[in-house]
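Please open the model in a viewer and keep the sequence panel at hand. The stops below are given in the order in which they may be selected.

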Amino acid sequence: MQENKFQINYKDRQVNIEEVSLGGQTLYRATFPDKTALFIARAKNANAAFFWTSVPEGRQQLAEEIGKLIEEYIKS
C-alpha cells in the first residue's frame, strides 16, 4: 500500500487529502475540518470519459468538486 498526503482549499477550508492505492486502484480520502471523511475515486463511464465518484456512491456533487481540486493539485 502506497500513500501520499497533501492539502487543498475547498470553500475557504483546508481539506486533508490522503491518496491510498489498494489492489491496483487509487482512492482519495478527503478529511474535512469537522473530521468527516469522503472517499472518492476516478472512474470511466460507458463513453470512456473519466469522472469523479464517491465511494460508496451518494455524494456525487461533492466528489466531483473535490476531485477537480485534487486533479488541479496533481497537475501543478
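How many bridges join strand β4 to strand β5, and do the two run parallel or antiparallel? Select residues 37-44 for β4 and residues 50-55 for β5: six bridges join these strands, and their course is antiparallel. The model is predicted, and the tour keeps to what can be read from its atoms.

**The β4-β5 hairpin**

Begin with F39, whose bridge partner in β5 is V55. Then move to the turn: five residues lie between the two strands of this hairpin, and A48 in the turn has a positive phi of about 65 degrees.

Next select T53, which belongs to strand β5. Is T53 buried or exposed? Its relative accessibility is 12%, so T53 counts as buried, the cut-off for buried being under 20%. Display its side chain together with that of Q60, and a polar contact of 3.1 Å appears between the two side chains. Leaving aside residues up to four places away in sequence, T53 touches F39, I40, A41, A43, Q60 and A63.

**From β5 to the helix**

Follow the chain to P56, in the loop between β5 and α1. The peptide bond leading from V55 to P56 is cis, with omega near -5 degrees.

Now select residues 60-75, which form helix α1. This helix has 16 residues and reaches 22 Å from its first C-alpha to its last, close to the 22 Å expected at 1.5 Å a residue. Colour L62, A63, I66, G67 and I70, which are buried in α1. Looking down the axis of α1, one finds the buried residues within an arc of 125 degrees, so they line one face of the helix. An α-helix has 3.6 residues a turn, so residues three or four places apart point the same way. Rotate the view to the face of α1 turned away from the buried side, where Q61, K68 and K75 are exposed.

Stay in helix α1 for Y73. With 39% relative accessibility, Y73 counts as partly exposed. Add F6: the two residues are 67 apart in sequence, while their C-alpha atoms are 8.8 Å apart in space. Apart from residues up to four places away in sequence, Y73 touches F6, Q7 and I8.

**The nonpolar core**

Which members of the largest nonpolar core touch the most other members? Of its 15 residues, these are V15, I17, A30, F32, I40, I66 and I70. At least two residues of this core come from each of β1 (2-10), β2 (13-22), β3 (25-31), β4 and α1. The most come from α1, which gives four residues.

Centre the view on F32 and show its neighbours. Not counting residues up to four places away in sequence, F32 touches Y10, R13, V15, L38, L62 and I66.

**Two loop residues**

Finish with two lysines. K11 is placed in the loop between β1 and β2, and has a positive phi of about 50 degrees although it is not a glycine. At 61% relative accessibility, K11 counts as exposed. K35 is found in the loop between β3 and β4; its phi is also positive, at about 75 degrees, although K35 is not a glycine. With a relative accessible area of 67%, K35 is exposed.

Key:
Residues are numbered from 1 along each chain as its sequence is written. This is a predicted model: local features need pLDDT of at least 70, side-chain atom pairs count only at pLDDT 80 or more; totals for chains, interfaces and linings use all residues. Side-chain values use heavy atoms; hydrogens and water are left out. The expected span of a helix is 1.5 Å times one less than its number of residues. Buried means under 20% relative accessible area, exposed over 50%, partly exposed in between (1.4 Å probe, protein chains only). The arc is that of the directions from the helix axis to the C-beta atoms. Two strands pair if DSSP finds at least two bridges between them. A nonpolar core is a set of buried Ala, Val, Leu, Ile, Met, Phe, Trp, Tyr and Cys residues joined through side-chain atoms within 4.5 Å. Contact means heavy atoms within 4.5 Å. A polar contact is a pair of N or O atoms within 3.5 Å; within protein, one must be able to donate a hydrogen and the other to accept it, and residues adjacent in sequence count only if both atoms are side-chain atoms.
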